[in-house]
Amino acid sequence: MPNTNFNTTCCIVGAGPAGMMLGLLLARSGIQVTVLEQHTDFFRDFRGDTIHPSTLQLIYELGILPDFLRLPHQKTYQLRGYIENNPITIADFSKLQVQCPYIAFMPQWNFLDFLKQQAQQYPNFNLIMSCDAYDLLKNTDQICGIKAKTATSEIVINADLVIAADGRHSTIRDCSGLEVIDIGAPMDVLWFRLSHQEKDPNETFGKFIAGKIIIAISRGDYWQCGYVIPKGDATILQQQNIQDFRNKIVNALPFFSNRVQELKTWDDVKLLTVKIDRLKQWYLPGLLCIGDAAHAMSPVGGVGINLAIQDAVAAANILITPLKTKSVTLKTLAAVQQRRELAVKIIQKIQMLVQSKVIFKVLHKDEPIQIPWLIRQIQKLPVTRQFIGKLIGMGIRPEHIANEKS
Ligand SMILES: Cc1cc2nc3c(=O)[nH]c(=O)nc-3n(C[C@H](O)[C@H](O)[C@H](O)COP(=O)(O)OP(=O)(O)OC[C@H]3O[C@@H](n4cnc5c(N)ncnc54)[C@H](O)[C@@H]3O)c2cc1C
């Protein structure tokens with residue numbers, strides 16, 4: 001296999017939300033940046049479609065909001081759900097003091113493609129698709145690059161700084177030996193699509209009934225659905241006839257009865273395993289982990305993309321000058337963890353609470369669910385819905401673009 005060897009200032013592994021946003025911000029400030037992505041395109045397994053108000057605000061600060069809003073998306077001003085057949089509103093984004101007080105639902109591949117197009121306007125941005133990073137390059141006291149391969153060549157990339165943004169199953173973090181705190185999650189999610197029909201409700205919602213939680217995201221001409229199951233139950237379920245699964249779906253959402261046959265075999269249903277973990281320390285000399293590679297998020301609240309983007313912005317704000325002056329130190333990298341860690345810890349704590357107090361209980365219940373006291377109070381007091389909207393929509397310590405355009 002032929003060898004390719006080149007130098008870059010910053011090598012980012014992973015073109016997910018964290019990697020692409022950081023790539024764009026570094027390229028925009030004139031830094032030579034190389035992003036490696038193992039897939040040929042952005043059409044990956046479903047990993048969430050939610051672009052939160054805080055991310056939309058960053059897109060606005062970058063001056064690219066009108067281009068972004070021209071892409072097909074659905075706006076959600078409130079997060080709604082049903083407990084049995086009782087409608088509830090959990091979060092209200094509409095009063096947020098931002099450019100876009102709503103969640104924009106957009107397929108993640110469109111969002112990543114958009115970031116790619118923006119980044120490729122800068123000649124110093126280099127994206128290599130179908131490129132699998134498999135090891136770190138080290139000299140005596142410092143990580144100094146990446147070993148990767150494509151179908152046709154071995155690539156060695158020498159870099160002043162390596163960023164691991166390669167997600168929940170990060171190879172780079174495994175290679176680094178950094179210590180992972182595994183928090184775990186009591187559930188997994190089965191994802192599937194069903195067609196959207198004319199008389200369907202045009203909203204995104206979650207439905208909670210005894211023993212079942214189903215999320216239905218209206219994507220225009222189809223529904224992207226998530227069926228939450230207790231951790232490990234997928235193997236048992238998938239040994240049963242697909243008709244049993246279809247029945248469970250219809251039992252939760254009867255309006256799917258006329259199309260549930262679209263799930264022909266278990267191949268039409270994808271298992272996505274849920275985990276929560278985080279690194280004790282996000283960095284080593286020459287290496288920084290961000291996004292899910294530093295802290296895998298549960299889908300609860302749909303905040304993982306947002307946190308990954310916030311990490312990328314914090315990292316860019318802190319790293320741009322030291323990268324330009326070749327003065328990145330351990331202290332610089334520690335500053336990124338320091339800036340983001342509290343927000344991550346708080347959100348993970350909330351996700352764990354929701355997983356154990358709500359999701360676990362609902363999945364193991366066999367009689368109709370009563371609306372809990374807390375949810376009843378939230379229905380009575382609009383201000384509580386706005387508070388939850390702010391927490392989900394803006395996160396903790398929202399970042400802003402430091403305007404270092406070259
Ligand atoms: C079932 C499920 C549903 C979710 N739903 C939502 C939601 O609705 N909203 C939300 O905000 N979050 C959601 N999340 C969480 C969200 O997907 C993640 O938090 C977010 O994608 C993290 O972004 P990232 O850029 O850090 O990592 P990722 O999005 O995982 O991106 C990592 C990238 O690195 C690439 N890569 C991996 N290894 C290598 C390698 N060795 N070499 C080169 N490239 C590599 C991958 O192909 C990928 O493109 C969900 C998660 C799950 C599991």
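A residue counts as buried if 20 or more other C-beta atoms lie within 10 Å of its own. I kept that cut-off at hand while paging through this structure, which is a predicted model.

**Entry: helix α1**

I began with α1, residues 17-28, and counted 12 residues in this helix. From its first C-alpha to its last it reaches 16 Å, close to the 16 Å expected at 1.5 Å a residue.

Next I looked up burial, and 12 of the 12 residues of α1 are buried. The run goes P17, A18, G19, M20, M21, L22, G23, L24, L25, L26, A27 and R28. R28 caught my eye, as this arginine is on the buried list too.

What covers the buried residues of α1? I found strands β1 (3-13), β2 (33-36), β8 (125-128) and β11 (154-164) among the covering elements, along with helices α4 (108-119) and α8 (304-324).

Just past the end of α1, I noted that G30 takes a positive phi of about 95 degrees.

**Entry: around the ligand**

I met α1 again here: α1, β9 (132-139) and α8 each supply at least two residues of the shell around the ligand. Which element gives the largest share? That is α8, with four residues.

In total I read 37 residues around the ligand, and the closest are G16, G48, G167, G291 and G304. By class, the shell divides into 16 nonpolar, 13 polar and eight charged residues.

**Entry: two domains**

I then checked the domain assignment, which gives domain 1 as 3-183 + 275-394 and domain 2 as 187-230 + 232-273. Their centres, taken over C-alpha atoms, are 26 Å apart. Domain 1 puts 23 residues into the contact, and domain 2 puts in 23 residues.

On the domain 1 side, I listed β4 (74-76), β5 (78-83) and α9 (330-363) as the elements that give two or more residues. The residues of that side are 11 nonpolar, four polar and eight charged.

**Entry: following β5**

I stayed with β5 to see where it leads. It pairs with strand β14 (residues 205-209) in the parallel sense, over four bridges. R80 has F205 of β14 as its bridge partner.

From F205 I could step onward, since its bridge partner in β15 is A216. β14 and β15 (residues 212-218) run antiparallel and are joined by five bridges.

How many residues lie between the two strands of this hairpin? I found two, and G211 in the turn has a positive phi of about 80 degrees. That makes a second glycine for my notes on positive phi, after G30.

Methods:
Residues are numbered from 1 along each chain as its sequence is written. This is a predicted model: local features need pLDDT of at least 70, side-chain atom pairs count only at pLDDT 80 or more; totals for chains, interfaces and linings use all residues. The expected span of a helix is 1.5 Å times one less than its number of residues. Two residues are in contact if their C-beta atoms, placed from the backbone, lie within 7 Å. Domain bounds come from an automatic or database domain assignment. Ala, Val, Leu, Ile, Met, Phe, Trp, Tyr, Cys and Pro count as nonpolar, Asp, Glu, Lys and Arg as charged, and the others, Gly among them, as polar. A residue is near a molecule or strand if its C-beta atom, placed from the backbone, lies within 6 Å of it. Two strands pair if DSSP finds at least two bridges between them.
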